[in-house]
Amino acid sequence: MVSTPCPHLPPPRDNQQYLSSLLFSFFFFSTIFLSNFFCCIFPNTTTMAEFPPSTTPPSPTTTPTPSSSTTTSCSNSHVIHILAVDDCLVDRKIVEKLLKTAKFKVTIVASGKKALEVLGLNEAKVETPLNEHNIDIIFTDYCMPEMNGYDLLKVIKEHSHLKSIPVVIMSSEHDPERISRCLATGAEEFMSKPLQLRDIHRLRSYVTPVQHITKTGTKRKLPLDLIPDNNGSERRPCIAGVAVA
């Protein structure tokens, strides 16, 4: 019986040619796989060869810094200066923290006499400029030894040059008679302790511009009636509507 080849099977091939084609296919697909692999890991890799010889890689961009004029304009904004007075160390620390949190400039002392020294009033009769530290508002406790908040309020409101400075009194005791007396003497408000940050923010509504007081004399400008004309003639000054001969 004679065997005949199956028509569906491929013809026999040489083993060496078959292995060569397998190796070629292996290296070809391996090269493609490795190239794609490195491109996925390093997508933005750039070599120096990509830039022309006469140029250098572009420098990174920098954000512009604010100009000195902008910084100066911010620093010139007025910061409200508060003189805080309290004999209790714990209360002083609390008041100081609240005032600084509300963005106030703070000078804090432990007694009414120290507050008067800051304002330029002292018992040594030494001539010092009044309100040299430019205090905008006085925030004082009521219950203090030697000079309480009401006594400090009276001294300030009886002084001709300091009475325009607003005074706010605080206390842990709610005494209606005490509150009425302080408000009648010129206090802007009587706050109850413990203080809240919203109480501190109300201080801004009481601030008024402070006039700087100096004890030195000032030069007076010459009236226009006494300035000579270009032709050398002099105008006669007028006093109370009467011409001086």
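Let me start with strand β1 and strand β2, residues 105-109, which pair in the parallel sense over five bridges, and I should say at once that this is a predicted model. Within that pairing, H81 of β1 has K105 in β2 as its bridge partner. To get from β1 to β2 the chain passes through helix α3, residues 89-101, and this β-α-β crossover is right-handed.

β1 also runs parallel to β3, to which four bridges join it, and here the bridge partner of V85 is T140 in β3.

Now, how many of the five residues of strand β1 are buried? Five of the five, across residues 81-85, are buried, so the strand is largely enclosed by the rest of the structure. In a regular strand, side chains alternate between the two faces of the sheet. Both faces of β1 are covered, with H81, L83 and V85 buried on one side and I82 and A84 buried on the other.

Let me turn to the aromatic rings, where the count comes to one aromatic pair. That pair is Y142 with F190, and it is tilted, with 6.3 Å centre to centre and 50 degrees between the planes. It links distant parts of the chain, since Y142 sits in the loop between β3 and α5 while F190 belongs to strand β5, 48 residues apart. Y142 and F190 are both buried.

Two rings have a charged partner: R181 lies over the face of Y150, 4.4 Å from the ring centre, and the charged end of R204 sits over the ring of F104, at 4.3 Å from its centre.

Finally, K154 in helix α5 is partly exposed, with a relative accessible area of 32%.

Definitions and conventions. Residues numbered from 1 in each chain as written. Predicted model: local features only at pLDDT ≥ 70, side-chain atom pairs only at ≥ 80, totals over all residues. Heavy atoms only, no water. Phe/Tyr/Trp six-rings, centres within 6.5 Å; stacked < 30°, edge-to-face > 60°. Helix = DSSP H or I, 4+ residues; strand = E, 2+ residues; numbered from the N terminus. Buried < 20%, exposed > 50% of the residue type's maximum accessible area, 1.4 Å probe, protein only. Lys NZ or Arg CZ within 6 Å of the ring centre and 35° of its normal. Pairing = 2+ DSSP bridges. Right-handed = clockwise from strand over helix to strand, strands pointing away.
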